[in-house]
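Open the model in your viewer and keep the selection tool at hand. This tour goes from stop to stop.

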Amino acid sequence: MFADHLQKDLHTGAVEKKPTRNGYGEGLLEAGKRDERVVALCCDLTESTKTDAFANAFPKRFVQVGVAEQNLASVGSGMAAMGKIPFISSYAMFSPGRNWEQIRTTIAYNEANVKIVGAHAGVSVGPDGATHQAIEDIAIMRAIPTMVVIAPADVHEAYKMTLAVAEYIGPVYFRLGRSNTPVVTTPESPFTIGKAEQMYFRNESLEKKVGIVSTGSLLYNSLMAAVALEKQGIGTSVLHMATIKPLDGAMLEKFATEHGALVTVEEHQIIGGLGSAVAEYLSEARPTKIARIGVHDRFGQSGEPDELIAHYGMDIPSIVSAAQKLI
Amino acid sequence: MRYLSPEEVHSLERQANIIRQSIIEMLTEAGSGHTAGPLGMADVFTLLYFSALKHDPKNPDWEDRDRLILSNGHICPVLYATMAHAGYFPVAELLTLRKFGSRLQGHPHRTFLPGLETSSGPLGSGISQAVGMALAERINNPYSSKFFYCLTGDGELDEGQIWEALMLAGKERLNNLIVIVDRNGIQIDGFTKDVMPLEPLVEKFESFNFDVQAVDGHNMRALNDAIGKAQAVYGQPSIIIAHTIPSKGVDVFERDFRWHGNPPGKGPEDRVPHDEQAKVALAHLRTLAGTIEAQDS
């Protein structure tokens, strides 16, 4: 059973698709209207990171840094030191991919209130190929002390997240996707930094059961996998963890206890991402059998987003199959 | 620009030498750390903290203060020693440098010690942060009289990020930004001319749309004039290349790149054995003009 705040037609498979980056662009513009301390910096990718609406509305609060991601991070830190709330955006492969140390030292260690926006995350970037497909960003950002890491599911969640991030005090990294992503949530769906939301509730009359833990744009595939598994007589729930750090451990532990076995789903390497975070937490709190869906220690390649998601084993049949094997 | 009387120049020179003595003492006690850069920059830091900067050691968060951003964090002994003598914290605390629990980390950490503007150590990111601060200030207060001083090393100029930051500063015409480069000609592996030649440096900076001055980094009056001129430059950021002598003040350590990353007691032994390095350095500093009186009183 879908959570009641989700889109109404999900059970039919009919779904609207929009890039999550659009939600960020609209959220940033709104955050800029609400708080004049919000500023935006970008590395020659203003349109494709959807920073352009803010830049057009507030030209004096926008800094075009040029193709210089290391500078981007530290200039953002400097602006935060003077009371600004900088959103620094580029492709995730370049920020935080190229400027990790600047983010660690000049933002996180400095306690600078900077928001790091990694667009074009995941293999669903598509035709640009592996050089532009960030699938290690969650791992490298999660390892930085104090850093909050978020992967919103869709355009609505990205919008709400952007506003929440603007109000949160401290460094935050969030990743966005390039391609059209199924719109699963609604403006009414809850979003709180650090809080997991159960998006699908298993049929408790079924004896067999499994839990799916998803993050980012693969929430839709996770939900569809849950529907398919239920048709096969496996009661399946989906817990969406948009915030990967801090991990909602209490909710995760409860979910693991209820379901016994979990499949984690993310558009990221299985090394260091959501699957790792869940496994790390539960191995200490409540040892649980876990199968991890994600990229298995490989690089991406050119292709259409759906082809790549299937090729790297993150499509609906792959999730279903992993769940079947697990129980 | 602030005019310096002959008495003030003399007083600053004497103060710089007292700071050098503290640097030797704290590095010796720490048993690790950098010697050449801190000694070489003692005059620049003294002039800044005892004359040029708008600041208040008793109110380090004063909003209208100038900002001093140390990019080459490894020369922090000179920053700490100058701050202590300027009144930010007790001079005795200098002897906790690099020890467990100390506010004086091996490389500076902003949130540990009031008065530090940034944490630094990894090279090349200070100018970027100063640029960010200067940009934010222009948004916050277009009629601001704050200046943003960023101090960098010369070996540090090998970092690509430096040039990214300079490009942006030039583009944005940040006349509230003053970069001071410690041009001491050495880095860990040797002389900068051998590790990675930087010249022609004046022309490089000019081509990045900076106003550039090159001065003797041990001449208080020349430094003061350069800072005054940099403050008066309009429509362009400024760079002052301060030519300094590494380990300045201790003649047996001077100009030797092997003193870059060693404290007294662990430096090269060609001229002074380890167990006498601190003693020799202090003895030498105390015989320099103006300092005997300060020590004896």
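How many residues does the contact take from chain A, and how many from chain B? It takes 25 residues from chain A and 24 residues from chain B. Keep in mind that this is a predicted model.

**Stop 1: the side of chain A that touches chain B.** Select α3 (69-81) and α4 of chain A. These are the elements that give two or more residues to this side. Now keep α3(A) alone: the largest share, 9 residues, comes from there. Next, color this side of chain A by residue type. You will find 8 nonpolar, 12 polar and 5 charged residues.

**Stop 2: strand β4 of chain A.** Select residues 85-91 of chain A, which form β4(A). Is this strand enclosed or open? It is largely enclosed by the rest of the structure, because 7 of its 7 residues are buried. Buried here means that 20 or more other C-beta atoms lie within 10 Å of the residue's own.

**Stop 3: one partner, β2.** Add residues 38-42 of chain A, strand β2. This strand and β4(A) pair in the parallel sense over 5 bridges. For one of the matched positions, select A:Val39; its bridge partner in β4(A) is A:Pro86.

**Stop 4: another partner, β5.** Add residues 115-119 of chain A, strand β5. β4(A) and β5(A) pair in the parallel sense, over 5 bridges. Pick A:Ile88, and look across to A:Ile116 in β5(A), which stands opposite.

**Stop 5: the way across.** Select helix α4 of chain A, residues 100-109. The chain crosses from β4(A) through this helix to β5(A). This β-α-β crossover is right-handed. α4 of chain A also appeared at the side that touches chain B.

Notes
Residues numbered from 1 in each chain as written. Chains lettered and ligands numbered in written order. Predicted model: local features only at pLDDT ≥ 70, side-chain atom pairs only at ≥ 80, totals over all residues. Buried ≥ 20, exposed ≤ 12 C-beta atoms within 10 Å, placed from the backbone. Helix = DSSP H or I, 4+ residues; strand = E, 2+ residues; numbered from the N terminus. Pairing = 2+ DSSP bridges. Right-handed = clockwise from strand over helix to strand, strands pointing away. Contact = placed C-beta atoms within 7 Å. Nonpolar A, V, L, I, M, F, W, Y, C, P; charged D, E, K, R; others polar.
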